[in-house]
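Work through the exercises below with the sequence and the coordinates at hand. Each task is followed by a solution in steps.

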Amino acid sequence: MNETIESNTSSSANKTAALCELDVVFETGIRQPKFGVDAKSHLDILSAFERVLSAKNISADPSKNAHYRTGWRSGEGSALAVLFPQTLIQLWGSLKIAVSHNLIIVMQAANTGLTEGSTPSGNNYDRPVVIINTRFLNALHIINEGAQAIGMPGATLYQLQSELIKINRAPHSVIGSSSLGASIVGGIANNSGGALVKRGPAYTELSVYAQIDKHGELILVNHLGIDLGNNPDAIIQTLSDGSFATQGLGQGQRKASDTLYQARVKDIDADTPSRFNADPRRLYESSGCAGKVAVFAVRVDTYPVAEKQASFYIGTNDPGDLYQLRRLLLSKLDDLPEMGEYMHRDMFDVAQKYGKDTFLSVLYLGTKRLPKMLSMKGAVDAYLNKKTWLPEYLSDRLLQGFSRLFPQHLPKRMLQYRQQYEHHLIMKLSGSSVAKGKTILQNYFDNKQSGGFFECTTTEANRAYLHRFAAAGAAIRYHTMHSKDVGDILALDIALKRNESDWVEIFSPDIEQHIEKKLYYGHFFCHVFHQDYILKKGANAHHVKKLMLAQLDQRGAKYPAEHNVGHLYKADDPLRDFYKELDPSNTFNPGIGKMDKNQRNCNCCL
């Protein structure tokens, strides 16, 4: 495949020239004060927010808002307040106040990120921090007869999936992050990947967003491809009311998804990854912004649901089997697999025991309730953590104990394969690929002793996928329950080269000596893996991670693969330049990518 052509046609400069007919940028007259001159007290600032939001939508008590200041896996920091706007108009008003008082702005939706990218990090900022949580701004509009959707900042993948299923269509991602309540905008902002092989990273060139320009002025950009009004307040009002056309909407040359991904993933001999978070080809305005702008709405493609689908469970003791099957299926099938999720036996065991409560919650309560449940758990944990006489991680211990009361939740054939095989792959095929893919599997495993497969019943398939997607939380729970006996947890998500045959990593003794347990799972056809490492007690996590990343660099891997760099990874030069272009004064989410947290000198603060 011709990667050079794709890269050139996707460059920001070419896009800007080609799409100028849709460029609509509005100034607001709201400017940041020169750096260091704002002497307003915190109480005055809170009073200003209260006039826009009302007191009930502001949480300024650190003991009550800890959940929103703390990352899902790690990371936390102080904040002047956490704001919960109930309308886009309130969000817009909150941004105006924050900019006029020169506050740092951290945008947050579901806070399900794994790299500390949606919370403050530490307390060493040069300005007060305010977190704006958008989860209540969850309006969703199905447009162009279901071919696309427009999501507001808090609209979730679960919401979108629930609406689209009524018209036999599907969103970019249908399980995994959506099970944790992740938002549509959050996926776009992070170029998130996901389990669906055909669809690539979350991506759009159609959005409405606010940013602070090089003059320190708050501006609103309407690149949604829809006439929403002729000034910022009118645009926000129209979006808030939903009073815009929903059918027959054009989009010029702008894309509402990564339409070139299928060609990339089928290029099995390329010596570069198929997708990774900081891929310069997929950094465009809201896409990949990592909270460096405030996104009000995104327009995304939807997808038809295949009429015929079948799932296959594959097990093997030879990792070479999965590599060969990946090449065969991606090269021989006209219609790519819908999904191909990998899990190592050690991860299987951990997810079976420590992800059981998540599994059962989704199975019996559905994913709709999970965000609220997680929020409630976070609030309970924050309260209990202040009671020093109580055991640590009490809620986790109670949930873990409660899950043991339930009978075995995994199908018999899955458990049999767990006993027989080290490596597991659950694969979904659709359309004409069902019969052809089954034939490929039969021919490959004929007279082969290292592995085998079976076609799943509906129940087996549903439970296999749910088991796989309970894995991330299970790794955290395992670490929590063994915290007294083990060291830190290191969580990496990496993208291997598409032609990487030795996909199972082998560590040198200087790394291996520090590891208690290795937990591997991932999106196999995309060659994107989540790798969680439980370190031994006393191991230096920073040192071990440095050694691991150096080895990944030697292998030509990219990381993080589908979560933004957050505060855990160093942004490379193209990504740093992209962040600086979006946010010249370093007001939104400063410090991500291990960049400077201080306000940058620009025309507004010279």
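**Exercise 1: nonpolar cores**

Task: find the residues with the most contacts inside the largest nonpolar core.

Solution. The largest nonpolar core has 80 residues, and those with the most contacts inside it are Tyr 533, Met 548 and Tyr 579. A nonpolar core is here a set of buried Ala, Val, Leu, Ile, Met, Phe, Trp, Tyr and Cys residues joined through side-chain atoms within 4.5 Å. Buried means under 20% relative accessible area, exposed over 50%, and partly exposed in between (1.4 Å probe, protein chains only). Apart from this core lies another, of 43 residues, including Leu 80, Ala 81, Ala 210 and Leu 249.

The model is predicted: local features need pLDDT of at least 70 and side-chain atom pairs count only at pLDDT 80 or more, while totals for chains, interfaces and linings use all residues. Residues are numbered from 1 along each chain as its sequence is written, and side-chain values use heavy atoms, with hydrogens and water left out.

**Exercise 2: contacts of one core residue**

Task: which residues does Tyr 533 touch, not counting residues up to four places away in sequence?

Solution. Contact means heavy atoms within 4.5 Å. With that sequence filter, Tyr 533 touches Asp 488, Ile 489, Leu 490, Leu 492, Glu 505, Phe 507, Ile 515, Lys 517, Lys 518, Tyr 520 and Met 548.

**Exercise 3: salt bridges**

Task: what parts does the salt bridge between Lys 96 and Asp 233 tie together?

Solution. A salt bridge is a side-chain nitrogen of Lys or Arg within 4 Å of a carboxyl oxygen of Asp or Glu. By this rule the count comes to 22. In the pair of Lys 96 and Asp 233, the closest N and O atoms are 3.3 Å apart. Lys 96 belongs to helix H4 (residues 88-100) and Asp 233 to helix H7 (residues 232-241), so the bridge ties together parts 137 residues apart in sequence. Helices (H or I, at least four residues) and strands (E, at least two) are DSSP runs, numbered from the N terminus. Lys 96 is partly exposed at 23% relative accessible area, and Asp 233 is partly exposed at 44%.

**Exercise 4: burial of bridge partners**

Task: are Glu 505 and Arg 555 buried or exposed?

Solution. Glu 505 and Arg 555 form a salt bridge at 3.9 Å, N to O. Both residues are buried. For comparison, take Asp 335 and Lys 198, whose closest N and O atoms are 2.8 Å apart in their salt bridge. Asp 335 is partly exposed at 24%, whereas Lys 198 is buried at 15%. Lys 198, Asp 335 and Glu 338 are linked in a salt-bridge network.
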